[in-house]
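User: Please take a close look at the largest pocket in this model and at the packing that goes with the elements lining it. I would like one connected account.

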Amino acid sequence: MKLINSRHPSTSCPDTVAPAGSRGIDEILDSARLRLRRLDPEAGHLAYREGALLVDIRPAAQRAATGSIPGALVIERNVLEWRFDPRSPARLPVAERYDLPVVIFCQEGYTSSLAAAALQDLGLYLATDIVGGFAAWRLAGLPAFGPTDVYAHLTNVPATAGRTST
C-alpha cells in the first residue's frame with residue numbers, strides 16, 4: 001500500500017493545533033523549575049565549595065567559545081542521566097547515592113533546569129541548577145577559565161600566513 005500525502009510542503013503549513021495532552025516548552029520549563037530550589041551564581045559557588053558537584057552540561061564547542069569553571073565536572077547533556085542514575089551500569093563512581101548534591105549549569109540557565117528536573121526524576125532529589133548559567137557566573141566575577149584560544153596549537157605559524165600579496 002502506498003501512502004500519499006495530499007499536502008505539498010511548499011503549498012501548505014504544518015498542523016498548528018497542538019495534539020491533546022501535549023505541552024509547550026515554556027510550560028515544561030516552568031514545571032521543571034517549580035520542583036527546583038534554583039541557586040544564583042554565588043550560592044552555586046558556595047554549594048560547590050561545601051561539597052556539591054558542579055556539573056557543566058554544555059557541548060565542547062560552547063565551553064571552548066565561552067570558557068569554563070575550574071573544578072566543574074563536564075558531563076554533556078546527552079549522557080547526563082546515564083552518568084548519574086545510581087542504578088545505571090554507565091554511572092559515574094561518585095553517583096552511587098540519591099542524596100548527592102548536584103548543581104548543574106548550561107550557558108544561560110534553561111537547559112540546566114530541564115536537566116536538573118530529569119535528575120530529580122531519577123531520584124536525585126537535591127539536584128538543582130544555576131539561575132542564568134555560566135553567563136551569570138561570569139558576570140558575577142566568579143572563578144572561570146577561558147574562553148579557549150582555538151588557535152593556540154598553531155604556535156609556529158608565520159605572521160604572514162593567510163595573507164595574499166598584492
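**The largest pocket and its surroundings**

Analyst: Two elements, α2 (41-49) and β3 (102-105), each supply at least two residues of the lining of the largest pocket. The model is a predicted one, and the pocket in it has a volume of about 210 Å³. Its lining is made up of 13 residues, and those closest to the centre are Arg37, Leu39, Val103, Leu126 and Thr128. By residue type, the lining holds ten nonpolar residues, two polar ones and one charged one.

Start with the α2 side. His45 is found in this helix. With a relative accessible area of 17%, His45 counts as buried, because the cut-off for that class is under 20%. Leaving aside residues up to four places away in sequence, His45 touches Trp137, Leu142 and Pro143. Trp137 also belongs to a nonpolar core, to which the account returns below.

Now the β3 side. This strand supplies at least two residues of the largest nonpolar core, as do β1 (53-56), α4 (80-84) and α5 (111-122). β3 therefore contributes at least two residues to the pocket lining and at least two to this core, where the core is a set of buried nonpolar residues joined through side-chain atoms within 4.5 Å. The core has 19 residues, and the members that touch the most others are Val55, Leu80, Phe84, Val102, Ile104 and Leu119. Its largest share, four residues, comes from α5. In soluble globular proteins, nonpolar side chains tend to be buried together.

A second core of twelve residues is separate from this one and includes Ala72, Phe105, Ile130 and Trp137. Trp137 is thus a member of the second core and a contact of His45.

Phe84 shows the packing of the larger core in detail. Not counting residues up to four places away in sequence, Phe84 touches Leu53, Val55, Leu73, Ile75, Leu92, Ala95, Leu100, Val102, Leu119 and Leu124. Among these contacts, Val55, Val102 and Leu119 are also listed with Phe84 as members of the core that touch the most others.

Charged pairs complete the picture. The count of salt bridges in the model comes to seven. In one of them the side chains of Arg58 and Asp56 meet at 2.8 Å, N to O, and both residues are buried. A second pair is Asp85 with Arg87, the closest N and O atoms being 3.1 Å apart. The two ends of that bridge fall into separate classes: Asp85 is buried at 14% relative accessibility, whereas Arg87 is exposed at 56%. In a third, the side chains of Arg97 and Asp99 meet at 2.5 Å, N to O. Here Arg97 is partly exposed at 37%, and Asp99 is partly exposed at 33%.

Finally, the chain as a whole. Six helices and four strands make up its secondary structure, and from the N terminus the elements run α-α-β-α-β-α-β-α-β-α. Of its 166 residues, 33% count as buried. Among contacts with a separation of 6 or more, residues 24 or more positions apart account for 65%.

How values were computed
Residues are numbered from 1 along each chain as its sequence is written. This is a predicted model: local features need pLDDT of at least 70, side-chain atom pairs count only at pLDDT 80 or more; totals for chains, interfaces and linings use all residues. Side-chain values use heavy atoms; hydrogens and water are left out. On a 1 Å grid over the protein atoms alone, a cavity is a set of points where a 1.4 Å probe fits but cannot get out, and a pocket is an open set with protein on both sides within 12 Å along at least five of seven lines; lining residues have an atom within 4 Å of a point. Grid points are joined across faces, edges and corners, and a volume is the space filled by probe spheres set on the points. Ala, Val, Leu, Ile, Met, Phe, Trp, Tyr, Cys and Pro count as nonpolar, Asp, Glu, Lys and Arg as charged, and the others, Gly among them, as polar. Buried means under 20% relative accessible area, exposed over 50%, partly exposed in between (1.4 Å probe, protein chains only). Contact means heavy atoms within 4.5 Å. A salt bridge is a side-chain nitrogen of Lys or Arg within 4 Å of a carboxyl oxygen of Asp or Glu.
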